[in-house]
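Here are two short exercises to work through with the model open beside you. Try each task before you read its solution.

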Amino acid sequence: MLESQSRQQPEAPTLPEIPGFTQLRLDYLKRLSQEVTMLDGALASADFNRIRTSGHNMKGNGSPYGFDPISAFGRALEAHARNGQAAEIRATLIELRNYLSHVKVS
Amino acid sequence: MSKTAMMADVRRRRIGICGFPPPLRQDLDRTLEELGCLSAHLDGTLQGFGKTLDHYDALLVHANERIHPACLTELLETPKPWLFIGPQDVVLRNHTMHLRADDVLFEPFTPEDLQFRLHRAIVRKASVTQHTASHRSSIFIADDDPNVVILLSSVLGSHGWECHSANNGIETLSQIRSLLPDLLVLDIEMPGLNGFEVLRNIREDPGVKNIKILLLTASCDPAAVEKGSTLGADEYLGKPFNPLRAAGRIKHMLELAPPPRPTSGAFIWVGGSYAGGGKYVGKPESPATGSPDLA
């Protein structure tokens, strides 16, 4: 479901009037890619609290940068981490990584 | 000038306080809180919290020996208005200080005395230096999510506001007590002290009680909104938020006068003793004329 949302390319900027917003969004995506790598490690060590916190933050920061799907991924990660659902977390991270590799910032 | 107009001119001013011994500090904090000011205590070197005097809109300096001699030059050269306060004999004995101060105030004095002289010093200095009465608003962002801090700082900075940030509750409290921001954007979920605990601490601290607070909450959590409101948040913003709307909300908050906050009771400055209940217990000398008019 989340992946189908992510296929709506390119991502339309919802906040075009913020100075330097495009660069802010590019930098954000770069940081998020690093975060996903970190989450892989957290999942390997079953650090669900770290994943929950990261998902919670993602839920709050995706939409403000104009990436609603990222907020949805974050919401899913937070929920799965609360329940200790490793398989679901792994699947969500795959979808998120796929989204990040395709999303375009105009 | 009406009391209301004077209140408007001193409200939200950052006041640096120097040299006052602890019992007097508390009275002064409360007085400034009543006037809607934000206040921070500088140490005897006038370098409290690593901030320069330029950070403050006005300074209140107590007449005693606590100020380091090496700092007198800095105080005497600052373009910021400052009041020299203390017992009459001590103030007058210190010729250099009392002649160079923008105004002096003798103990005991009332909050009205302080308001009048603070207002006059600020307005006079502003007219002399051709500064406007307004100052650049500063906003503090407390959030453990660096992505939110980066975005908000960028958006708010583009509006001309000065932004500072911290990623935990303890550092937030420490920094706002020195920076005295006009507004705090406060996330609830933070390590150390959470947002509610930070909020409670701020509203119980006279020096920073008047800072406006915009609470960041999960939009689907009415309980958090209710709790934040009970603890004294001025407004809340649900996450995820639209940064432009956040900026609009903050602009609106900065333009509004601060709401009256409940205090622990009326008080009056009586030169070192605190009298609750709103009853003046100063010396027979008229508080309104107890200090010289240097006009």
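**Exercise 1.** Describe the order of elements in chain A, then its burial and its surface.

*Solution.* Starting at the N terminus, chain A reads α-α-α-α-α. That gives 5 helices and 0 strands, where helices (H or I, at least four residues) and strands (E, at least two) are DSSP runs numbered from the N terminus. This is a predicted model: local features need pLDDT of at least 70, side-chain atom pairs count only at pLDDT 80 or more, and totals for chains, interfaces and linings use all residues. Residues are numbered from 1 along each chain as its sequence is written, chains are lettered from A and ligands numbered from 1 in the order in which they are written, and side-chain values use heavy atoms, leaving out hydrogens and water.

Next, burial: 47% of the 106 residues of chain A are buried (under 20% relative accessible area, 1.4 Å probe, protein chains only). Finally, chain A exposes about 5100 Å², with 54% supplied by carbon and sulfur atoms (Shrake-Rupley method, 1.4 Å probe).

**Exercise 2.** At what angle do H9(B) and H10(B) pack, and which residues make the contact?

*Solution.* Take the axes, lines fitted to C-alpha atoms over the stretch in contact, with angles from 0 to 180 degrees between N-to-C directions. Helix H9 (residues 195-203) and helix H10 (residues 222-231), both of chain B, pack at about 15°, their axes 9 Å apart. H9(B) is therefore roughly parallel to H10(B) (angles under 35 degrees).

Now list the contact (heavy atoms within 4.5 Å): H9(B) brings B:Phe196, B:Leu199, B:Arg200 and B:Arg203, while H10(B) brings B:Ala224, B:Lys227, B:Gly228 and B:Leu231.

Technical notes. Buried < 20%, exposed > 50% of the residue type's maximum accessible area, 1.4 Å probe, protein only. Parallel < 35°, antiparallel > 145°, perpendicular 65-115°, else oblique.
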